[in-house]
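Me: Got a minute to go through a model with me? I'd like to ask about its strands, helices and a few odd residues.

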Amino acid sequence: ENKLNFKWQCNFRANDNASKDILRKMKEAGCTGIRMGVESGSPRILKQVKGITKEQVRRIVGWCDEIGLVRRLNFIINFPGETIDEAKSTVEFAKEFGEPFLVAPLVIFPGTQVEAIAKENGCLPKDFSWSDPRPHLKYSLPGRFTAQPMFVGDIPFQQVVDLLFQIEGERKKLFSLSKRIREVIKNIKSMEDFMKLFSFSNFLFLFRYIKFRFLKFFLRKGES
């Protein structure tokens, strides 16, 4: 209405109020993309946690693609009572839509129902304190995923870790260093291309690759 010329993004809920018309008006008002917490690919957990269906998610993603809005979908695995098969179905559901998406473990926040369950099942010790949580942390994933205390329910911690690293290793072969080097060399056609070797994106890739390898080593060593 005021013809303000700026770009923005926002969080978006996949519920009955969502419509193609709303998304189109958002695009006309300068919106370039949405972030949507889908959370799960299990119909049971989706109904329990979000009150939505997989078809609703698919419909909204289709509208975004049609209108030209970037959509980033976020998923969580290891909800209380979740099985490994349900967690795997979440991963497959995330892959269905392609990049960008994030699959992360369920983490614990103070005063939540998840915190109460975590203290009941031993995931958090009874004397756990948020004033200094570090000495009490039984399960956590530093760096790429989260440094928050991680909830562990029916799926063993190592299975959750393996699934998360499987996703990271698979997605576009993001951490294939040899493939990245071949691609970069192949694209060198001039001195300007050579200078791009020192670009921020390449340094970022190398940093993420080293961190990924370090985290795998760190977690495997913790098992032994």
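Reply: Sure. Helices here are DSSP runs of H or I with at least four residues, strands are E runs of at least two, and both are numbered from the N terminus. Keep in mind that this is a predicted model.

Me: Which helix holds glutamine 56, and which residue does its side chain contact?
Reply: Glutamine 56 sits in helix α3, residues 54–67. With 9% relative accessibility, glutamine 56 counts as buried. A polar contact of 2.8 Å links its side chain to that of aspartate 16.

Me: In what sense do β1 and β2 pair, and over how many bridges?
Reply: β1 covers residues 8–12 and β2 residues 31–39. Within this pair, cysteine 10 faces isoleucine 34 of β2. The pairing is parallel, over 5 bridges.

Me: And what is the hand of the crossover from β1 to β2?
Reply: The chain leaves β1, passes through helix α1 (residues 20–28) and arrives in β2. That makes a β-α-β crossover, and its hand is right-handed.

Me: How many disulfides are there?
Reply: Take cysteine 31, whose closest cysteine sulfur is the one in cysteine 10, 4.7 Å away. A disulfide needs the sulfurs within 2.5 Å, so that pair is too far apart for a bond. The search of the whole structure gives 0.

Me: Is cysteine 31 buried or exposed, and what about cysteine 123?
Reply: Buried means under 20% relative accessible area. Cysteine 31 is at 1%, and cysteine 123 is at 3%. So cysteine 31 is buried, and cysteine 123 is also buried.

Me: How far apart are the end C-alpha atoms of α4?
Reply: Helix α4 runs over residues 84–97, which is 14 residues. At 1.5 Å a residue, α4 should span 20 Å. The model agrees with that, since the end C-alpha atoms are 21 Å apart.

Me: What arc do the buried residues of α4 cover?
Reply: The buried set in α4 is Glu86, Ala87, Thr90, Val91, Phe93, Ala94 and Phe97. They lie on the same side of α4, because around the axis they cover an arc of only 160 degrees. An α-helix has 3.6 residues a turn, so residues three or four places apart point the same way. The arc asked for is 160 degrees.

Me: Which residue just after α4 takes a positive phi?
Reply: Its phi is about 75 degrees. The residue is glycine 98.

Me: Which residue of β2 has a positive phi although it is not a glycine?
Reply: Most residues other than glycine have a negative phi. This one has a phi of about 80 degrees, and at 15% relative accessibility it counts as buried. It's glutamate 39.

Me: Where is asparagine 78, and what is its phi?
Reply: Asparagine 78 is in the loop between β3 (70–77) and α4. At 1% relative accessibility, asparagine 78 counts as buried. It is not a glycine, yet its phi is positive, at about 80 degrees.

Me: How many residues of strand β4 are buried?
Reply: β4 spans residues 101–105 and is largely enclosed by the rest of the structure. The number buried is 4 of the 5.

Me: Last one: which residue of β4 stands opposite leucine 73, and what hand does the β3, α4 and β4 unit have?
Reply: β3 and β4 run parallel, joined by 5 bridges. Opposite leucine 73 is phenylalanine 101. As for the β-α-β unit of β3, α4 and β4, its hand is right-handed.

Technical notes. Residues are numbered from 1 along each chain as its sequence is written. This is a predicted model: local features need pLDDT of at least 70, side-chain atom pairs count only at pLDDT 80 or more; totals for chains, interfaces and linings use all residues. Side-chain values use heavy atoms; hydrogens and water are left out. Two strands pair if DSSP finds at least two bridges between them. A crossover is right-handed if, with the strands pointing away from the viewer, the path from the first strand over the helix to the second runs clockwise. The expected span of a helix is 1.5 Å times one less than its number of residues. Buried means under 20% relative accessible area, exposed over 50%, partly exposed in between (1.4 Å probe, protein chains only). The arc is that of the directions from the helix axis to the C-beta atoms. A polar contact is a pair of N or O atoms within 3.5 Å; within protein, one must be able to donate a hydrogen and the other to accept it, and residues adjacent in sequence count only if both atoms are side-chain atoms.
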